[in-house]
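Work through these exercises with the structure open beside you. Try each task before you read its solution.

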Amino acid sequence: MIEKVYELICKTEDANIISTEEIVGKSFLKNYKHVISVETELSLNEGLKIIQLYIAFKEPYSVYLPKIYIDEKSYEDIRYIPHVNRDLSICIIEESDGFYFDIEDLPQIVVELLAKAKTIL
């Protein structure tokens, strides 16, 4: 399923599936088995800015929505934004809200979450 998500994201973004063992720092990501890194552009007051996001997946995929995190360095450049938590996760959907979905819809759901995260930032 991660590969399907990755393939869909790669149609519009620069993305890579990364192993959490390769992650230096970013301790918030080490709790996840599967992570997709996304290098993307944001339109800010000072022009286009390239930022690094991480989409982290918790199993079982049919129960947990992925979380999107912003990289520490990217956050330093645009800090003090509401809806970015202390662990640098982006609050897109209230976690206490019940959210049910068909696992086959996960790739499209992730693309929509990524778009919402970019809008928040």
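**Exercise 1: Cysteines**

Cysteine 91 has a relative accessibility of 26%, so it counts as partly exposed. Keep in mind that this is a predicted model.

Task: Classify cysteine 10 as buried, partly exposed or exposed. Then state how many disulfides the whole structure holds.

Solution:
- Step 1. Recall the cut-offs: buried is under 20%, exposed is over 50%, and partly exposed lies in between.
- Step 2. Cysteine 10 has a relative accessible area of 32%, so it is partly exposed.
- Step 3. Turn to the disulfides. A pair of cysteine sulfur atoms must lie within 2.5 Å to count. A search of the whole structure finds zero such pairs.

**Exercise 2: Leucine 88**

Task: Locate leucine 88. Decide whether it is buried or exposed, and list its contacts beyond its sequence neighbours.

Solution:
- Step 1. Find the place. Leucine 88 sits in the loop between α2 (72–78) and α3 (106–120).
- Step 2. Check accessibility. The value for leucine 88 is 9%, so this residue counts as buried.
- Step 3. Set aside the neighbours within four places in sequence. Leucine 88 then touches Phe28, Ile68, Tyr69, Ile70, Asp71, Glu72 and Tyr75.
- Step 4. Compare with a separation along the chain. Leucine 113 is 25 residues away from leucine 88, and their C-alpha atoms are 15 Å apart.

**Exercise 3: Aromatic pairs**

A pair of aromatic rings is described by the distance of the centres and the angle of the planes.

Task: How many aromatic pairs are there? Give the geometry of the pair formed by tyrosine 32 and tyrosine 69, then that of phenylalanine 57 and tyrosine 61.

Solution:
- Step 1. Count. There are two aromatic pairs.
- Step 2. Take tyrosine 32 and tyrosine 69. Their ring centres are 6.0 Å apart and their planes meet at 65°, so the pair is edge-to-face.
- Step 3. Place both partners. Tyrosine 32 is in the loop between β1 (14–18) and β2 (34–44), while tyrosine 69 is in strand β4 (residues 67–70). The two are 37 residues apart, so this pair links distant parts of the chain.
- Step 4. Check burial. Tyrosine 32 is buried at 13%, and tyrosine 69 is buried at 2%.
- Step 5. Take phenylalanine 57 and tyrosine 61. Their centres are 6.1 Å apart with planes at 85°, so this pair is edge-to-face.
- Step 6. Check burial again. Phenylalanine 57 is buried at 2%, and tyrosine 61 is buried at 14%.

**Exercise 4: A charge over a ring**

Task: Which ring does lysine 58 lie over?

Solution: Lysine 58 lies over the face of tyrosine 64, at 4.6 Å from the ring centre.

Methods: Residues numbered from 1 in each chain as written. Predicted model: local features only at pLDDT ≥ 70, side-chain atom pairs only at ≥ 80, totals over all residues. Heavy atoms only, no water. Helix = DSSP H or I, 4+ residues; strand = E, 2+ residues; numbered from the N terminus. Buried < 20%, exposed > 50% of the residue type's maximum accessible area, 1.4 Å probe, protein only. Contact = heavy atoms within 4.5 Å. Phe/Tyr/Trp six-rings, centres within 6.5 Å; stacked < 30°, edge-to-face > 60°. Lys NZ or Arg CZ within 6 Å of the ring centre and 35° of its normal.
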